[in-house]
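Trainee: I'm new to this structure and would like a close look at just one part of it. Could you pick a helix and walk me through its surroundings?

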Amino acid sequence: MPNNSAQRSPRYDFGSQYGDAPPLAHVAVKVAPAKYQPAAQPGSRSTGRAERRFWLTMQTVMLVVGVLLVNLLLFFPPLGIALMWNLLIPVAPALVTISPGLWRNICPMATFHLLPNKMGISQNIRMPEWGAATLAVVSVTLLFIVVPMRRIGLNVDGPLTALMLLSAAFMAFAMGSVFEMRSGWCTSLCPIHPVERLYGTNPALTFKNARCNICEACSNPCPDSTPELTPTAGAPTKVQQFLGNFLIGSFPGFVWGWFQVPDYPPQQVGQAEIISAYAWPFVAAIVSYVLFKIGEHVLRYKPASRTRMHRIFAATAISTYYWYRLPGPASLLPDWFPLVSHLVTTPFFFWFLVLRNPKVSWLKRPVMASNYWSSRFESTANKNLIRVSPGKA
């Protein structure tokens, strides 16, 4: 072999440093990719350092609130139930309508879902298309199962509600331990996600994505970055298309029917109460869906009018919810407040969902991973992206 010792770098001159060490070609090396930490510039689509601190603080606060809520439900059920079902949940529909991206940035279940990724224990398996389709079906099914369950126990039983929340948190963590980024829970299995897609078509506020520094396209389409996202957008299978359409058309009736059922304590729940809790919302949902399909048939050659009809049904659903339910104890509100609320909330949501047309996404998409690596790899590969050191391969 020609003597090239004069041209060798001292760092890799194994012969001079390690005596009779084998040639460089036979030395095992370990190549480890360095973590990408973007230095966001003003106007960038990625969050800067100060923004990341703010969102991390908000996520931590919401996580602490969730832990405290579970403890109240377990040990002080009346207070926990009042906070859960009379304050937090009544605010949620308006929040995911006006700014679903805000909720997506601070949702405690999303924080649980991404903990394995932050801890470095996630397998980061890419969600297959058939898996996403299956989980989407399960998500809608869970929504229609869990909501009537509120009438037969959850609304009045603190420990039962705590068990539901803990089960959801465990499932979110487990899905995050297996699948890439937010594809397992946030965009596939979460039963709240279909409602986000139904109500969140015309957000008023959009933020930078506080969960993703770069976009690795873990979900297609990405719900956070797709303008005018609907329950049927990006649904590749006929089953998903049907469930998306069924959600849009049936939800106004489903919401109305749910409010026709009283709360039953768990100890008083029998077959008649279970049938009542599910029959009212489902029968009303079917009636609503039939009216929706008639409208779809009439407007089958007018796609713009069909889109507006979809928004009308979404506005009807959320207006129906706030017709019956407002945040806070109803007993503390004056007698005239419900009438004023009806005159305000119903026109507002119809204006907000039907007449406005902003065409913005929930969150701003960060730079695509492929674009980032392709533009930076050539100039920085030897400095920032990889490090080479002797060790086991």
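Mentor: Let's take helix H7, starting with the whole chain and ending with the loops.

Keep in mind that this is a predicted model. The chain has 393 residues, and 42% of them count as buried. Its secondary structure comes to 14 helices and 4 strands. Of the contacts with a separation of 6 or more, 84% are between residues 24 or more positions apart. The mean pLDDT is 84, with 81% of residues reaching 70 or more. Go carefully with residues 5-19, where pLDDT is below 50 and the model has 11 contacts beyond near neighbours in sequence. Residues 375-393 also stay under 50, with 31 contacts beyond four places in sequence. Strand E4 (residues 386-390) has the lowest mean pLDDT among the elements, at 38, while helix H11 (residues 271-298) has the highest, at 97.

Now for H7 itself. This helix covers residues 158-178, so that's 21 residues by the usual run of helix assignment. From its first C-alpha to its last it reaches 31 Å, close to the expected 30 Å. At the N-terminal end, Asp157 acts as a cap: one of its side-chain oxygens lies 2.9 Å from the backbone nitrogen of Leu160.

Which residues of H7 are buried? They are Gly158, Thr161, Ala162, Leu165, Ala168, Ala169, Ala172, Met175, Gly176 and Ser177. When you look at that list, it helps to know that an α-helix has 3.6 residues a turn, so residues three or four places apart point the same way. The cover over these buried residues includes helix H2 (49-75), H3, helix H5 (108-119), H6 and helix H8 (185-189).

Next, see where the nonpolar residues gather. The largest nonpolar core has 34 residues, and Phe144, Leu198, Tyr199, Phe251 and Tyr322 touch the most other members. Helices that each supply at least two residues of this core include H3 (77-98), H6 (129-149) and H10 (238-258). Ala172, which you met among the buried residues of H7, belongs to a second, separate core of 14 residues, along with Cys107, Leu135 and Leu189 among others. As a general point, nonpolar side chains tend to be buried together in soluble globular proteins.

Back in the largest core, try clicking on Phe144. Leaving out residues up to four places away in sequence, Phe144 touches Phe246, Leu247, Ser250, Phe251, Phe254, Tyr278 and Phe282.

Follow the chain out of H7 and you enter the loop between H7 and H8, where Met181 lies. Met181 has a positive phi of about 45° although it is not a glycine. That is worth a second look, because most residues other than glycine have a negative phi. Is Met181 buried or exposed? Met181 is buried, because its relative accessible area of 15% is under the 20% cut-off.

For a comparison, go to the loop between E2 and H10, where you'll find Ala217. Ala217 also isn't a glycine, and its phi is positive at about 50°. Ala217 counts as partly exposed, at 34% relative accessibility. Pro221 sits in the loop between strand E2 (207-208) and H10 too, and a cis peptide bond joins Asn220 to Pro221, with omega about 0°.

Notes:
Residues numbered from 1 in each chain as written. Predicted model: local features only at pLDDT ≥ 70, side-chain atom pairs only at ≥ 80, totals over all residues. Heavy atoms only, no water. Buried < 20%, exposed > 50% of the residue type's maximum accessible area, 1.4 Å probe, protein only. Contact = heavy atoms within 4.5 Å. pLDDT = per-residue confidence, 0-100. Core = buried A, V, L, I, M, F, W, Y, C linked by side-chain atoms within 4.5 Å. Expected span 1.5 Å × (residues − 1). Polar contact = N/O pair within 3.5 Å; in protein donor to acceptor, adjacent residues only side chain to side chain.
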